[in-house]
Amino acid sequence: MSIHPTAIIDPSAQIDETATIGPYCIIGRNAKIGAHTVLRRHVIIGENTTIGAHNDIYQFASVGENPQDLKYAGEETYLEIGDYNRIRESCTIHRGTAQDHGITKIGSHNLFMVNVHIAHDCAVGDYNVLANNVGVAGHSHIGNHVIIGGQSGIHQFCRIDDYSMIGGASLILKDVAAFVTVSGNPAKTHGLNKEGMRRKGWSAETIKAIDSAYRVIFRSGLLRDEAVEQLEELVKDEPKIQLLINSIKNSERGLIR
């Protein structure tokens, strides 16, 4: 274990023997730091925060502090972070609130660039990239393989589904369906994230099938249940279309169109 002598660590914290704690870091009550995780310098880890293995957290990040919610009254709430995340300078990630499930959850293999904010009770999946100054308000859900451009803001309770892409400086007020590209203030849908699909090696047939499903939702004028009925026929030939069906069924704020 490598712990710099200037670090301040609560006696109840659990730190793996392979972790590295740099100069002037502060680690709070009941925090857990996993194997090979690095806190570079001047990092604050709040109470009840569990961080997995192989994470790299840069200076001035504040991870696991109290939620910015006027209803918060000191309840025991939590933050869980998975493995292989990179959390760059000045990022802030807050614990949950008792009014929700009491926990904020971050998956694995994410990149949070400078000054990203993840608010209380959010759930973030795996392999996402949030660029500089992205703000994600409370109770929001971000899926997997999502890219969010810099300066974008996500309204509370929004869902951002898998493989979608949000252009820079966008305002997200409703849910973002899987696979789509959105941008603007307020954001609008501008087609599929086809370049992202190609980079993942998806076949032309798969992309064409998803494009057909996209048109059913966003270009046909069908009502919700009618669109789902058509997609359930298409999913028999292309299983990935199930993600679009889930986007429709799980949306509570309505999809950005």
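In this predicted model, the largest nonpolar core has 66 residues, and Ile45 and Ile172 are the ones that touch the most other members. Two or more residues each come from β12 (78-81), β27 (180-184), β28 (187-192), α2 (204-218), α3 (224-234) and α4 (242-250). Of these elements, α2 gives the largest share, with seven residues. As for isoleucine 45, and setting aside its neighbours within four places in sequence, the residues in contact with it are Ile26, Ile27, Gly28, Ala31, Ile33, Leu39, Ile51, Ile57 and Val63.

Not every isoleucine is tucked away. Isoleucine 8, which sits in strand β2 (residues 8-9), has a relative accessible area of 54%, so it counts as exposed. Together with Ile26 and Ile44, Ile8 makes a nonpolar surface patch of about 240 Å².

Next come the aromatic rings. There are four aromatic pairs in the model. In one of them, tyrosine 163 and phenylalanine 179, the ring centres are 5.9 Å apart and the planes lie at 10°, so this pair is stacked. The two partners come from distant parts of the chain, 16 residues apart: tyrosine 163 is in the loop between β24 (159-160) and β25 (165-166), while phenylalanine 179 is in the loop between β26 (171-172) and β27. Both tyrosine 163 and phenylalanine 179 are buried. Add Trp202 to Tyr163 and Phe179, and the three form one aromatic cluster.

Then there are the charged side chains, with 15 salt bridges in the count. One of them joins lysine 194 to aspartate 211, at 3.7 Å from N to O. This one also links distant parts of the chain, 17 residues apart, with lysine 194 in helix α1 (residues 194-199) and aspartate 211 in helix α2. The two ends differ in cover: lysine 194 is partly exposed at 28% relative accessibility, whereas aspartate 211, at 16%, is buried.

Helix α1 also holds a salt bridge between glutamate 195 and arginine 198, whose closest N and O atoms are 3.6 Å apart. These two residues are three apart in the helix, so about one helical turn separates them. Glutamate 195 is partly exposed, with a relative accessible area of 43%.

Another salt bridge pairs glutamate 233 with lysine 236, the closest N and O atoms being 3.2 Å apart. Here glutamate 233 is partly exposed at 48%, and lysine 236 is exposed at 60%. Elsewhere, Arg29, Glu47, Glu76 and Arg95 are joined into one network by salt bridges that share partners.

Conventions
Residues numbered from 1 in each chain as written. Predicted model: local features only at pLDDT ≥ 70, side-chain atom pairs only at ≥ 80, totals over all residues. Heavy atoms only, no water. Patch = residues over 30% accessible without salt bridge, like charges linked within 9 Å, V, L, I, M, F, W, Y side chains within 5 Å. Areas by Shrake-Rupley, 256 points an atom, 1.4 Å probe, with all protein chains shown as cover. Salt bridge = Lys/Arg side-chain N within 4 Å of Asp/Glu carboxyl O. Helix = DSSP H or I, 4+ residues; strand = E, 2+ residues; numbered from the N terminus. Buried < 20%, exposed > 50% of the residue type's maximum accessible area, 1.4 Å probe, protein only. Core = buried A, V, L, I, M, F, W, Y, C linked by side-chain atoms within 4.5 Å. Contact = heavy atoms within 4.5 Å. Phe/Tyr/Trp six-rings, centres within 6.5 Å; stacked < 30°, edge-to-face > 60°.
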